[in-house]
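Thanks, everyone. I have one structure to walk through today, so let me put it on the screen.

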Amino acid sequence: MQTIEQLFDLQRSKAGEYLRSFVYPWEALESISEFICQLGKTLDKSEYTEISPNVWVHRQAQIAPTAYLGAPCIIGAKTEVRHCAFIRGSALVGENCVVGNSVELKNVILFDNVQVPHYNYVGDSILGFKAHMGAGSITSNVKSDKSLVTIKDGNEIVRTGRKKVGAFVGDFVEVGCNSVLNPGTVIGKNAQVYPLSCVRGVVKENCIYKRQGDVVEKR
């Protein structure tokens, strides 16, 4: 099962030290909101402006006037939050990120240089350095029967104990357009997901996910 250290370069996020206190990424979901509130109070006031209670935006970030920033959240330097983006809250967005048109974020950590640029939903999830979600790709964070989410890696099954778990997308992952990452999906570093995919369970690093049962190593 992929650990936090295997999935992410923890130097590439202000959440690095927070994440080091856990082994597996889903363990970090419970306290993201509390962590953001604590981190926000320590930010350099010459660089970050608290534009509303518990909403901190770097002075070099670009926020469209139609975007909604819910508390708590932090928007990093040189990040662009575009037209009608909906940040519901509990979102730590790193530096040089793109949060695009009509994108919705909720209870997430986005490492530096993440792109969610077109009609994406990302909830109860962590996206690693330079991860990219193609247009229309989403994380599904609740099972249809509302039961607690489990994560499957071959014959290994881990019970998260949580009703809401999205996806954990490693550094440099490319997710193709209109793909769905089902609850509890874990994608290792440098992996690639074909467009229109329905992904479930664990995808190993340096692999290409073509379809269920058809995953090959990159050459």
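Before anything else, one term: contact here means heavy atoms within 4.5 Å. Also, keep in mind that this is a predicted model.

With that cut-off, start at Trp26. Leave out the neighbours within four places in sequence. Trp26 is then in contact with Met1, Ile151, Val158, Thr160, Arg162, Val165, Phe168 and Val186. Where does Trp26 sit? In the loop between helix 2, residues 16-20, and helix 3, residues 32-40. Is Trp26 buried or exposed? Buried, because its relative accessibility is 6% and the limit for buried is under 20%. Here is a distance for the region. Trp26 and Lys164 are 138 residues apart in sequence, yet C-alpha to C-alpha they are 9.8 Å apart in space.

Now take one partner from that list, Arg162. Arg162 lies in the loop between strand 16, 156-159, and strand 17, 167-169. Arg162 has a relative accessible area of 17%, so this charged residue counts as buried. What does Arg162 touch, again without neighbours within four places? Trp26, Leu29, Glu30, Asn107, Asp124, Leu148 and Val149. Two acidic names are there to look at, Glu30 and Asp124.

Next, helix 3. Which of its residues are buried? Ile32, Phe35, Ile36, Cys37, Leu39 and Gly40. These buried residues pack against helix 2. They also pack against four strands: strand 2 (55-58), strand 5, strand 8 (91-93) and strand 10 (104-110).

On to the core. In soluble globular proteins, nonpolar side chains tend to be buried together. In this model the largest nonpolar core has 67 residues. Which have the most contacts inside it? Leu19, Leu105 and Val116. Look at Leu105. Beyond four places in sequence, Leu105 is in contact with Phe86, Ile87, Arg88, Gly89, Val93, Val99, Leu110, Val116 and Val122. Note Val116 in that list; it is another of the three top residues in the core.

Now a polar residue, Thr79. Thr79 is placed in the loop between strand 5, 73-75, and strand 6, 80-81. Thr79 has a relative accessible area of 1%, so it is buried. Setting aside residues up to four places away, Thr79 touches Ala61, Gln62, Val93, Gly94, Glu95, Asn96 and Cys97. What does its side chain offer Cys97? A polar atom, 2.9 Å from the backbone nitrogen of Cys97. For scale across the model, the C-alpha atoms of Thr79 and Gln212 are separated by 34 Å, with their positions 133 residues apart along the chain.

Empty space next. How many cavities of 30 Å³ or more does a search of the whole structure find? One. Its volume is about 60 Å³. The lining is Arg12, Ser13, Lys14, Tyr48, Ile74, Gly76, Leu92, Val93, Gly94, Glu95 and Asp112. By type, that lining divides into four nonpolar, three polar and four charged residues. Val93, Gly94 and Glu95 are among the lining residues, and they are also among the contacts of Thr79.

The largest pocket holds about 200 Å³ of space. Of the 13 residues that line the pocket, the closest to its centre are Arg200, Val202, Tyr209, Gln212 and Val215. Which elements give two or more residues to the lining? Strand 15 (150-153), strand 23 (202-203) and strand 24 (207-211). The pocket lining splits into five nonpolar, four polar and four charged residues.

Last topic, backbone geometry. Most residues other than glycine have a negative phi, and most peptide bonds are trans. Three places here go the other way. The peptide bond from Ala71 to Pro72 is cis, with omega near -10 degrees. Pro72 is in the loop between strand 4, 68-69, and strand 5. Then Leu196, where phi is near 65 degrees, a positive value. Leu196 lies in the loop between strand 21 (192-193) and strand 22 (198-199). Leu196 is exposed, with a relative accessible area of 68%. Finally Asn206, with a positive phi near 60 degrees. Asn206 sits in the loop between strand 23 and strand 24, and at 34% relative accessibility it counts as partly exposed.

That's the tour. Over to you for questions.

Terms used. Residues are numbered from 1 along each chain as its sequence is written. This is a predicted model: local features need pLDDT of at least 70, side-chain atom pairs count only at pLDDT 80 or more; totals for chains, interfaces and linings use all residues. Side-chain values use heavy atoms; hydrogens and water are left out. Buried means under 20% relative accessible area, exposed over 50%, partly exposed in between (1.4 Å probe, protein chains only). A polar contact is a pair of N or O atoms within 3.5 Å; within protein, one must be able to donate a hydrogen and the other to accept it, and residues adjacent in sequence count only if both atoms are side-chain atoms. On a 1 Å grid over the protein atoms alone, a cavity is a set of points where a 1.4 Å probe fits but cannot get out, and a pocket is an open set with protein on both sides within 12 Å along at least five of seven lines; lining residues have an atom within 4 Å of a point. Grid points are joined across faces, edges and corners, and a volume is the space filled by probe spheres set on the points. A nonpolar core is a set of buried Ala, Val, Leu, Ile, Met, Phe, Trp, Tyr and Cys residues joined through side-chain atoms within 4.5 Å.
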